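Biologist: I have a new model open on my screen, and I would like to learn how to read it. Could you walk me through it, feature by feature?

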Amino acid sequence: MRVKVCGMTQLQQVDQLEDLGATFAGFIFYPKSPRYVLRHLTTTDLKKEKKINKVGVFVNSGVEEVIQMVDECRLHMVQLHGDETPKYCERIADYVSVVKAFRLSENDSIEWMVRPYLDVCDMFLFDTMGVGYGGTGKKFDWTMLKSQHIGKPYFLSGGIEPGDEQALKEFATQPEAKGLFAIDINSRFESSPGVKDLNLIENFIKNLND
């Protein structure tokens with residue numbers, strides 16, 4: 001299973017991710033986030049990083065700003081985590097691969113939420129609804145995806161933590177996991193915001209793929 005490690009802020013750690021078995025590094029371009037990447041790294045630092053697929057995470061940013069960051073940092077894809085409209089997503093998707101994030105609460109109809117975005121995004125990401133934007137660290141109820149026709153590959157996010165490997169492997173055998181593209185991990189694998197515990201990440205990926 002592919003793994004995206006989100007909220008990266010340390011270049012030295014980013015350099016090690018591929019060796020640990022991760023496929024993607026996520027960088028948060030949202031100034032209100034404690035993991036806001038440009039507080040720690042320059043766009044030149046990010047541009048030089050070539051060992052791993054780079055995903056830029058944006059929240060309600062202007063189209064020009066997103067495209068500028070894609071160019072300056074050589075991002076491979078962008079993840080849109082705010083209230084971006086299908087039209088907005090389409091404009092970005094003309095330029096770079098787009099992952100649209102959906103923050104879900106208990107009674108949301110996933111099929112209804114994703115339908116307007118099916119033709120304008122490359123992938124989806126499902127996370128837990130919380131106050132404000134970005135990940136909440138709260139556990140996402142994967143059973144919400146049961147019997148849903150999602151129609152796109154997706155990232156599974158929301159409070160995934162060390163010890164979830166077996167449950168994720170079991171989830172991956174279910175019909176609703178047909179579109180599961182990658183597992184997205186973040187705050188539960190940190191010693192402080194933006195500083196990852198690389199041993200936890202290495203063990204998680206190893207156990208996930210055993």
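Modeller: Happily! This is a predicted model, and we can begin with a helix. In α7, residues 198-208, the buried residues are L198, I201, F204, I205 and L208.

Biologist: How should I read that spacing, and where on α7 do these residues sit?

Modeller: The general idea first: an α-helix has 3.6 residues a turn, so residues three or four places apart point the same way. Here the buried residues cover an arc of only 125° around the axis, which puts them on the same side of α7.

Biologist: What do the buried residues of α7 pack against?

Modeller: Their partners are β1 (2-5), α1 (11-20), α6 (165-171), β8 (180-185) and β10 (195-196). Have a look at the start of the helix as well. D197 caps the N-terminal end of α7, with a side-chain oxygen 3.1 Å from the backbone nitrogen of N199.

Biologist: Let me try α3 in the same way. Which residues of α3 are buried?

Modeller: Helix α3 spans residues 63-73, and V63, V66, I67, M69, V70 and C73 are buried there. Seen down the axis of α3, they fall within an arc of 160°, so they line one face of the helix. That buried set packs against α2 (43-48), β3, β4 and α4. After α3 comes R74, which has a positive phi, near 55°.

Biologist: Now the strands. How do I read a sheet?

Modeller: Strands of a sheet pair through backbone hydrogen bonds, either parallel or antiparallel. In this model, eight strands form a closed barrel in the order β1-β2-β3-β4-β5-β6-β7-β8, with parallel pairing. From one strand to the next, the twist averages 30°.

Biologist: Could you show me some individual pairs?

Modeller: Sure. β1 and β2 run parallel and are joined by two bridges; V5 has A25 as its bridge partner in β2. Further round, four bridges join β3 (residues 53-58) to β4 (residues 77-80), again a parallel pair, and V57 stands opposite Q79 in β4. Helix α4 (residues 86-93) lies across β4 and β5 (97-104), running at about 150° to β5.

Biologist: Are the faces of β2 covered or open?

Modeller: Both faces of β2 are covered. F24, G26 and I28 are buried on one side, and A25 and F27 on the other. Put as a count, five of the five residues of β2 are buried.

Biologist: Which residues have the most contacts inside the largest nonpolar core?

Modeller: That core has 59 residues, and those with the most contacts inside it are V78, F126, Y154, L156, I183 and F204. Helix α3 contributes the largest share, six residues. Another core, of 10 residues, lies apart from it, with V55, A101, M123 and A182 among them. To see how one residue is surrounded, click on L156: beyond its neighbours within four places in sequence, its contacts include F126, F140, W142, L168 and I183.

Biologist: I also noticed some charged side chains. Is R35 buried or exposed?

Modeller: The reading depends on relative accessibility, where buried means under 20%. R35 has 14%, so it counts as buried. R35 lies in the loop between β2 (24-28) and α2.

Biologist: Which side chains make polar contacts with the side chain of R35?

Modeller: One is the side chain of E190, at 2.7 Å, and another is that of N186, at 3.3 Å. Leaving aside neighbours within four places in sequence, R35 also touches G7, T9 and I28, among others.

Biologist: And where is E190?

Modeller: E190 is in strand β9 (residues 190-192). With a relative accessible area of 16%, E190 is buried. The residues it touches include G7, V195, K196 and D197, and D197 is the residue that caps α7.

Biologist: For contrast, is H149 buried or exposed?

Modeller: H149 has 59% relative accessibility, so it counts as exposed. You will find H149 in the loop between β6 (123-128) and β7 (154-156). Its C-alpha atom is separated by 9.8 Å from that of V114, 35 residues apart along the chain.

Key:
Residues numbered from 1 in each chain as written. Predicted model: local features only at pLDDT ≥ 70, side-chain atom pairs only at ≥ 80, totals over all residues. Heavy atoms only, no water. Pairing = 2+ DSSP bridges. Axes fitted to C-alpha atoms, helices over the stretch in contact; angles between N-to-C directions. Contact = heavy atoms within 4.5 Å. Buried < 20%, exposed > 50% of the residue type's maximum accessible area, 1.4 Å probe, protein only. Polar contact = N/O pair within 3.5 Å; in protein donor to acceptor, adjacent residues only side chain to side chain. Arc of directions from axis to C-beta. Core = buried A, V, L, I, M, F, W, Y, C linked by side-chain atoms within 4.5 Å.
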